Amino acid sequence: MDFTLTEKQKELQQKAREFAVEEVLPVARSYDEKNTMAMDVIKRAWEEDLLNLGIPKEYGGPGYGLVESIIVVEEIAAACPGIATSIFDNNLGAEPIILGGNDEQKERILKELVDEFKLISFATSEPGMGSDVAGMQCRAEKDGDDFILNGSKYWITNAGYADYISVFATVDPEKRHKGICAFIVPKDTEGLRTGAHIPKLGQRASNTCSVILNDVRVPKKNVLAKPGYGFVLAMQTFANTRPAIGAFAVGCARSAMEYSIDYAKEREAFGRTIDHYQAIQFKIAEMYKNIEAARLLTYRAAWEADQGIDNNISSACAKAFASDVAMEVTTEAIQIFGGYGYIKTYPVEKLFRDAKLFQIYEGTSEIQRIVISRHAMKKYQHGMPNLYDLPSREISEEQDISEVSKEEITKTAEELGGKYRCSVCGYVYDPVKGDPDGGIEPGTPFEEIPDRWVCPVCGAAKSQFNKI
């Protein structure tokens, strides 16, 4: 394993950091307060080749892998998570085309996104559906080679300013995932309109609004995925973009920690600066170790995606853990700042508001835990034997384990006397030693023990003993 960045990655990181500090940070508070989209900053990101990070080189893009993308995301999110979300949204919107588009679609749309300053949004969520992608109600009706879209999408990032929208709809809600298809819809298509900017708790510099579809005709050339394949495309897209949410969270938490360190070194209480108090030191330590762990999980999920490895579980772990870390770190940052952390004069109040969204969008933290628990319960390969099949062997008190002969070590459980373990409390019955407490003499085979015999430790019936 190699945990170092390449020289090119370090150069990209430095470029993104300079952009974040010089272009994003100075205007972050202003855009947040005005609740408006930072279009001038996003255009500067396009000019600096920091906008369409994942578009392949053959279509004019930088062709970065996901590892490079999350390096950029962390740096920009450290300055403003909201502006970072809108910058990275072009990756999210273009990903279905990169993954599922045909050659003509890629040539036409991806090249245009690179050559001109244009935005593309991603639309799966609806007013009554978020994490349950298969539950979407927006309809797609076949009409010859075209499709007619009717319905609405909600929580769509950048939709108010986008030139294209990757729209997911269903031919029949009853079919759930089997009915979902996907389309490339130009913003100026007749029948499509967007709602007003949704007022949000945080990430206010990122435009979020509804998309209303009223008899929107989509020609064959803009069909991305036929019914049944749209759901798979959406899941593949999330697997490739979800690690970026971990990077957003890491960047946000990192800034909150850095600001906390700065403040602790200057703020005095009881005759000395508060960085001298162990209570503050421990808070900083918790921040640092959790941010480091979150970044490593995020890097792993991104690396697996770049290697073509199924990263469904690693990306779920990265997003769930990093999102919680961001919320915890920004909360503790406010605590370190005290009353000053609660007012808008200092930046931790904004980071706290911005951080909450990481636990919600692109699959809530609860959804990630469902994904992880299903894997752990059903697919995870145990390194140890089953709890109720654990091997057991005893040696005499006088005998050192190193003195046991090889023949004895390699004997099977049957050859050692066919011991039995209680499946309730774990007590082991050894026919060779018997069970004085239970009234069973040494040498009595388990099969000959009366059925009424119970475990001398917990009282479980004989039927609840397993052979080991």
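**Working chat: strands, helices, cysteines and a pocket**

Me: Which residue in S3 stands opposite Arg 139?

Reply: Asn 150 in S3 stands opposite Arg 139. This is a predicted model, in which local features need pLDDT of at least 70, side-chain atom pairs count only at pLDDT 80 or more, and totals for chains, interfaces and linings use all residues. Residues are numbered from 1 along each chain as its sequence is written, and side-chain values use heavy atoms, with hydrogens and water left out.

Me: How many bridges pair S2 with S3?

Reply: Five bridges, in the antiparallel sense, between strand S2 (residues 139-143) and strand S3 (residues 146-157). Two strands pair if DSSP finds at least two bridges between them. The strands themselves are DSSP runs (E, at least two residues), as are helices (H or I, at least four), and both are numbered from the N terminus.

Me: Which residue in that hairpin takes a positive phi?

Reply: Gly 144, with a phi near 70 degrees. The hairpin of S2 and S3 has two residues between the strands.

Me: Changing strand. Is S4 mostly covered or mostly uncovered?

Reply: Mostly covered: seven of the seven residues of S4 (residues 164-170) are buried. Buried means under 20% relative accessible area, exposed means over 50%, and partly exposed is in between (1.4 Å probe, protein chains only).

Me: Which residues are on each face of S4?

Reply: Tyr 164, Ser 166, Phe 168 and Thr 170 are on one side, and Ile 165, Val 167 and Ala 169 are on the other. Both faces are covered.

Me: Which way do S1 and S4 run, parallel or antiparallel?

Reply: Parallel, with four bridges joining strand S1 (residues 120-123) to S4. Phe 122 stands opposite Ser 166 there. Strand S5 (residues 180-186) runs antiparallel to S4 and is joined to it by seven bridges, with Ile 165 opposite Val 185.

Me: What is the strand order in the open sheet of three?

Reply: The order is S12-S11-S13, with antiparallel pairing. Strand S12 (428-429) and strand S13 (465-467) stand at the edges with a single partner strand each, so one side of each has no neighbour in the sheet. S11 (residues 420-422) pairs with S12 over two bridges, and Arg 421 stands opposite Val 428.

Me: New topic. How many disulfides does a search of the whole structure find?

Reply: Zero. The cut-off for a disulfide is a pair of cysteine sulfur atoms within 2.5 Å.

Me: Why does Cys 138 have no bond to Cys 181?

Reply: Because the two sulfurs are 9.1 Å apart, which is too far for a bond, and Cys 181 has the closest cysteine sulfur to that of Cys 138. Cys 209 is in no disulfide either, and its nearest cysteine sulfur, in Cys 138, is 15 Å away. Cys 138 is buried at 1% relative accessible area, and Cys 209 is buried at 0%.

Me: What does the side chain of Thr 241 make a polar contact with?

Reply: The side chain of Glu 362, at 3.0 Å. A polar contact is a pair of N or O atoms within 3.5 Å; within protein, one must be able to donate a hydrogen and the other to accept it, and residues adjacent in sequence count only if both atoms are side-chain atoms.

Me: Where does Thr 241 lie?

Reply: In helix H6 (residues 230-266), where Thr 241 is buried with a relative accessible area of 1%. Leaving out residues up to four places away in sequence, Thr 241 touches Phe 88, Leu 92, Glu 95 and Glu 362. Contact means heavy atoms within 4.5 Å.

Me: How many residues of H9 are buried?

Reply: Seven of the eight in helix H9 (residues 348-355), so the helix is largely enclosed by the rest of the structure. What covers its buried residues includes helix H1 (7-34), helix H4 (81-100), H6 and helix H8 (312-337).

Me: Is Lys 350 buried or exposed?

Reply: Buried, with a relative accessible area of 6%. Lys 350 lies in H9, and its C-alpha atom is 9.5 Å from that of Pro 81, although the two are 269 residues apart along the chain. Not counting residues up to four places away in sequence, Lys 350 touches Ala 28, Arg 29, Asp 32, Cys 80 and Pro 81.
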